[in-house]
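Please open the structure in your viewer and keep the sequence panel beside it, so that you can select residues by number as the tour goes on.

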Amino acid sequence: MSHGSTGSEPSEGDLRKTGLALKHDREWDYELDRIVSAVNERDASTVGLQFPEGLKRRGPAVADDLRSLLGDDVHVMISGQPCYGACDLDTYLMRRTDVFVHFGHSPMKESEKIIYVPLFSNVDVTPIMEETIDELPEEDVGLVTTAQHMNRFEEMRSWLEERDYTVHTRRGDERLTHEGQVLGCNYASADIDADQILYVGGGKFHPLGLAMEHPDKRVVIADPVNNVVTVADTEKFMKQRYGAVHRAMDADRWGVVFCTKIGQGRWEVATDIVENNDDAYLITMDEVTPDRLRNFDFDAFVNTGCPRITTDDGPQFHKPMLTPGEYEIAVGNEPLESLSFDTFHGTW
């Protein structure tokens, strides 16, 4: 069931008017029937909705649809907290609602109160896979994708096998829900016996991290939304990270950032750095942004939260922002050659 903001019948939910520049229109199934059933089963009076950043503008329309289906005695609330993954649960709203619905990501922390609606993509993946053949010369190929395209995973595997590829897949670790799934912070599903990996999905961050985590493998990116095939190139990214490490080597005072989001905190990593460096200070915050750190008088920072804070926003911080591994290089505990991509493994 999809949603709309007018009428009693939910209309098709799509991203055509959200300002996102997509090659194909995308429709989403918000699984309203499942949410309504959960509310009725639990006799819930309050429902919390959490959307990823790109779909927040669709929140009021989804809330309207739910209100029309649930009745006036059920209150529907929308989280305004930043949300980039299932590690970004709005715990404040979650504690104050009987049912909490997290849209756009597969389950990470299981709870009877949380309903995960992954929002599978409707985009056909086979046309873009056709274009990858020339980039996949070897018989063995690893196959990975994101939560949005997981509904097509077996279709992808069959398509490759029909063309005589030996497809290697695995489920990484407890942080991952599905076989073949990768997150922006976890690429354990690519620990397979193949020198080439096909990543089917949008964006460059996931395949870039995958290529960094597995430098011995060639990562081919098949983007079915923007309809492009590329090969992951880590050179520019590596130069940026080496530059940040070099700038931090002369740092005297360090700010060690601990993220309080439920799925991102690495307390032991943060406290270990502080305990072993008299010039390191622990800073706690829920959302780590360049503006929030600008008033701190430190020479460099270490981010122990989501790796994307460092890799995506790193150049925007006024002082070098390093990963825990990069910090060890900057202070001389590890050689420069040990620089690697920062990832999360295991679960909470």
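## A walk from the cavity to the sheet

About 40 Å³ of space lies in the largest cavity, and this is where the tour of this predicted model begins. Select Met212, Phe237, Arg241, Thr311 and Thr323, and then add Glu326, Leu339, Ser340, Phe341 and Asp342, to show the residues that line the largest cavity. If you colour this lining by class, you will find 4 nonpolar, 3 polar and 3 charged residues. How many cavities of 30 Å³ or more does the structure hold? There is 1 cavity of that volume or more.

Next, turn to the second largest pocket, which holds about 300 Å³ of space. Its lining has 14 residues, and those closest to the centre of the pocket, which you can select now, are Lys204, Phe205, Leu208, Asp233 and Phe237. Phe237 is thus a residue to keep in view, as it also belongs to the lining of the largest cavity. To see where the lining comes from, select helix α6, strand β9, α7 (235-248) and α10 (307-313), each of which gives two or more residues to it. Coloured by class, the lining of this pocket divides into 6 nonpolar, 3 polar and 5 charged residues.

Where does the second largest pocket lie with respect to domain 2 and domain 3? Colour domain 2 (126-231) and domain 3 (235-338) separately: both give residues to the lining, so the pocket lies between them.

Now hide the pocket and show the strands, among which 5 form an open sheet with mixed pairing, in the order β6-β5-β7-β8-β9. At the edges you will find β6 (166-168) and β9 (228-231), each of which pairs on one side only. As you look across the sheet, note that neighbouring strands are turned by 25 degrees against each other on average, when direction is ignored.

Zoom in on strand β5 (residues 140-145), which pairs with β6 in the parallel sense over 3 bridges. For a single example, select Gly142 together with His168, its bridge partner in β6.

Finally, add the helices that pack on this sheet, beginning with α5 (residues 153-162), which touches β5, β6 and β7 (196-200) and whose direction makes about 165 degrees with that of β5. Then select helix α6 (residues 205-213), which also packs on the sheet, touching β5, β7 and β8 (218-223), and whose direction makes about 170 degrees with that of β8. With α6 selected, you can return to the second largest pocket, since this helix is one of the elements that give two or more residues to its lining.

Note on methods. Residues numbered from 1 in each chain as written. Predicted model: local features only at pLDDT ≥ 70, side-chain atom pairs only at ≥ 80, totals over all residues. Heavy atoms only, no water. Pairing = 2+ DSSP bridges. Helix = DSSP H or I, 4+ residues; strand = E, 2+ residues; numbered from the N terminus. Axes fitted to C-alpha atoms, helices over the stretch in contact; angles between N-to-C directions. Contact = heavy atoms within 4.5 Å. 1 Å grid on protein atoms, 1.4 Å probe; cavity = no way out; pocket = protein on both sides within 12 Å on 5 of 7 lines; lining within 4 Å. Points joined across faces, edges and corners; volume = space filled by probe spheres on them. Nonpolar A, V, L, I, M, F, W, Y, C, P; charged D, E, K, R; others polar. Domains from an automatic or database assignment.
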